[in-house]
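User: I should like to learn how burial, strand pairing and surface patches are read from a model. Please take me through the case shown here.

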Amino acid sequence: MSLSEKEEKELEKQLDLLNKPPVTTIHTDYGDIIDCVDFYKQPAFDHPLLKNHTFHYQMKPISIDRGTRNEVSSEFAEPTSIGLKGGGCPVGTIPLRRITKEDLIRERLGLKVTSLENNTLGAHEAVVRTRANSNKKLRGAGAYISVHAPLIDIYGRSSGAKMKIQNGPDSIEVGWRVDPSLYGDTRTRFFIRLDAGQSHCFNTKCPGFVIVRPDIPVDSVLDLISHVGGPYFYVVAYIVRDQPNGNWWLLVGRNNIPIGFWPQQLFTGLRDLANHVEWGGETFAPPGKAAPPMGSGLLPFGTTRVDAHFKFVSVLNEYRQAVDVENTEEFTDDYNLYRVRDQGIGRNLGRYFVYGGPGRI
């Protein structure tokens, strides 16, 4: 991409805003440069709505009652395995993947084709979602999300799995995705996304998400990938509203490890509880280009030993208890490309469903 002098200056200014002065730097085995940045200098505090607020990096853990589920540890990839080696960043600092000029150029090229937001031309999904006529107010949601590595061979395409909570114009997502335009590689990575007010971005590309964990970047590589027939590995994620202050927390793993939170000041709709949740797969390809595979790349057979799937799909009730979600519906925007099958309640699986598809060859 040939840049004008004005565009070069704009990119340099954007890089200065995104990349904060590091206390120390970590080079990962995957080629990422992780800057350990002072907690109070992270991008979140550049948001105009957060400039006059003080947050602390030592947060009180949020408890979730998951009942007596029989969770099989041999089928589970500990979330801490996606973190940084050697304990991560020093206390009082947080890990940020360094953004390069090439990252911003790829993003600009993608945006010239179409928006990266959902529900645009070229975007597809196969999800289980709460029905529009549900009057329930939800304090959070969670799931075990099986991790896969769909083949994405060109820039502009992406494929992933997500959980999204929403109220009105505000939404928060968490999951995994393979996205060469976003990351510059074809690895499966953990991700978050925020859509609220003027903030519409993945990970820390715009201010808003306050990171509190020193050893797990929000765009970490997931190096344990599920295979058809097993073994299967999972990201366990919960998005939970903290009752006293209204912040929305991201928790990962069976031990509810707090990664960070979205302050309630960012929101209008999600300043209250959520009223919509969806779980499932999503893909994107520029208009006129072949749609990429989703999940395992296979149309679902109906078994978690073959299919990409979500298990222990749950919402949080008023007592902050994780309960199997009810009053849901399946939704696929193109049944020829992708499908989803809600399997109900399964032994040692909780509420679960399978999804996926080869896309358009």
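Analyst: The discussion below takes a helix, then two strands, then a surface patch. This is a predicted model, in which local features need pLDDT of at least 70, side-chain atom pairs count only at pLDDT 80 or more, and totals for chains, interfaces and linings use all residues. Residues are numbered from 1 along each chain as its sequence is written, and side-chain values use heavy atoms, with hydrogens and water left out.

User: Which residues of α1 are buried, and which are exposed on the other side?

Analyst: An α-helix has 3.6 residues a turn, so residues three or four places apart point the same way. Helices (H or I, at least four residues) and strands (E, at least two) are DSSP runs, numbered from the N terminus. Buried means under 20% relative accessible area, exposed over 50%, and partly exposed in between (1.4 Å probe, protein chains only). In α1, Leu11, Leu15 and Leu18 are the buried residues. Viewed down the axis of α1, they fall within an arc of 70° (taken from the directions from the helix axis to the C-beta atoms), so they line one face of the helix. On the other side, Glu5, Lys6, Lys9, Lys13 and Asp16 are exposed.

User: How many residues of strand β5 are buried, and with which strands does β5 pair?

Analyst: Two strands pair if DSSP finds at least two bridges between them. Seven of the seven residues of β5 (residues 140–146) are buried, so this strand is largely enclosed by the rest of the structure. Gly140, Gly142, Tyr144 and Ser146 cover one side, and Ala141, Ala143 and Ile145 the other; all are buried. β5 pairs in the antiparallel sense with β11 (residues 234–241) over seven bridges, where Gly140 stands opposite Val240. β5 also pairs in the antiparallel sense with β15 over four bridges, and there Ile145 stands opposite Phe310.

User: What joins β12 and β13, and how is β13 covered?

Analyst: β12 (residues 248–252) and β13 pair in the antiparallel sense over five bridges, with Val252 opposite Ile257. They form a hairpin with four residues between them, and Gly253 in the turn has a positive phi of about 85°. Strand β13 (residues 257–262) is mostly covered, with five of its six residues buried. β10 (residues 210–211) also pairs with β13 in the antiparallel sense, over two bridges, and Val210 stands opposite Phe261.

User: Where is Phe301 placed, and is Phe301 buried or exposed?

Analyst: Phe301 lies in the loop between β14 (276–284) and β15 (308–316), and is exposed, with a relative accessible area of 58%.
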